[in-house]
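Q: Could you take me through the salt bridges here and explain how each label follows from its rule?

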Amino acid sequence: MPGYAPSMPAEEQHASLFVLRLAHALHASGYAAHSLEDVLKHICERLGLIGQFFTTPTAIFASFGTLDAQRTHLIRVQPGELNLGRLSALDAVAKRVSAGELTPQEGSARIEQILGKRPTYPWWLRVLGYAIVSAAGARFLGGGQNDVILGGAVGLVIGLLALAFKRLTISSHVFELTAAFVGSALVSIAAAQGFRVSIPTTTLAGIITLLPGLTTTVGMTELASRHLSSGTARLAAAFIVFAAMALGVALGATVVSAAYGTAIRSAAAGHLPPWTHFAALIVAPIGFSLLLRARPRDIPLVAAASWLGYVGFTFGADRLGQVLGASIGALTVGLASNLYERLQLGPASVPLVPGVLLLVPGSIGYRSLTMLLSHDVEVGLSAAMTAALTAFALAGGLIVANVLVPPTK
């Protein structure tokens, strides 16, 4: 048959299989599409393969060989949750195979061992991470003592709900809607029972771990890097999550109000002493480490990256405004993360992701949709524009950091 490709040599088959398994494992661990394509191309060069790749949040296309004898593979995937510990382990395997310390067959076996490894933290610690981040988020949002307490409690319930969805194999497509409904209903019930809280602040803090702010930022970065398909798909997915959460919150508040037969009043946010803000900055990275499944030895690194991003944002916001301040914060974290990788200490994602988590515009995007649902169009559109500009600023800061200190492969 014209164009028929003969069988590949055994060595080349093992090498291509290793690349495919690495691609699947990295994608499942939350690797961004534009970075994944670069990594796979580099691995192919080191293994003597001719490879071309096209990745999206839901599929990986990989072709090996020359154009007249090309083999193309399709891997259907779902967007994976960030797992910094697994990314570090996969990075080490990829480096050893590239350096010739491991054969591709041994590398494939190591990947299977990594994917089959038990979670770094037990389930109750991961659930606790939701509560820690929500409680710290309530303080960052200007909440008082009651807001912090109830926000942490709602975050704990959301963590248990996330665990139940996974163990009962319930479709994840309705998780954000369900979680937002439950969180909003719990806050409204507490307020109706006389617990003085700011309903908008506490509700947002309780569900803050669900906000796709990081997804929005990654999507903007992919668009700026000319990965149009992946970036557009990721932004569309983020918008759907925002809409589902806004709808869930509105439904929760409406159902509780109807059950009590009266409108539920929200109290003004309380005031906490300044030292509590710094306390939140100390505990928030611990919650990030649990949610992102960072290795225990990387927790100090996660904390340092979070503080570095916050300091960069504060410095820039005082002089250039909040939007450009986010860009300065992203630039600072991006430079430090690329240096961390160039010094062969580990993948840049480990310090980069927690470093920008405090900067992502998720809360602004959520508030814009809630304003639109409340028919406050002018304020909602203004908040949406601010969220988009913040995401652009973050993407710009990360891209400039990659130019000033190019990351290694």
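**Labels and their rules**

A: Arg293 counts as buried, because its relative accessibility is 17% and buried means under 20% relative accessible area, exposed over 50% and partly exposed in between, with a 1.4 Å probe and protein chains only. This is a predicted model, in which local features need pLDDT of at least 70 and side-chain atom pairs count only at pLDDT 80 or more, while totals for chains, interfaces and linings use all residues. Side-chain values use heavy atoms, without hydrogens and water, and residues are numbered from 1 along each chain as its sequence is written.

Q: What makes the contact of Arg293 and Glu81 a salt bridge?
A: A salt bridge needs a side-chain nitrogen of Lys or Arg within 4 Å of a carboxyl oxygen of Asp or Glu; the N to O distance for Arg293 and Glu81 is 3.4 Å, so the pair meets the rule.

Q: Why is Glu81 called partly exposed or buried, whichever applies?
A: Glu81 has a relative accessible area of 45%, which falls in between the two cut-offs, and therefore Glu81 is called partly exposed.

Q: How do you know that Glu81 and Lys166 form a salt bridge?
A: Their side chains come to 3.0 Å, N to O, which is within the limit, so the name applies. Glu81, Lys166 and Arg293 are thus linked in a network of salt bridges.

Q: What label does Glu101 get, and why?
A: Glu101 counts as exposed, because its relative accessibility of 52% is over the upper cut-off.
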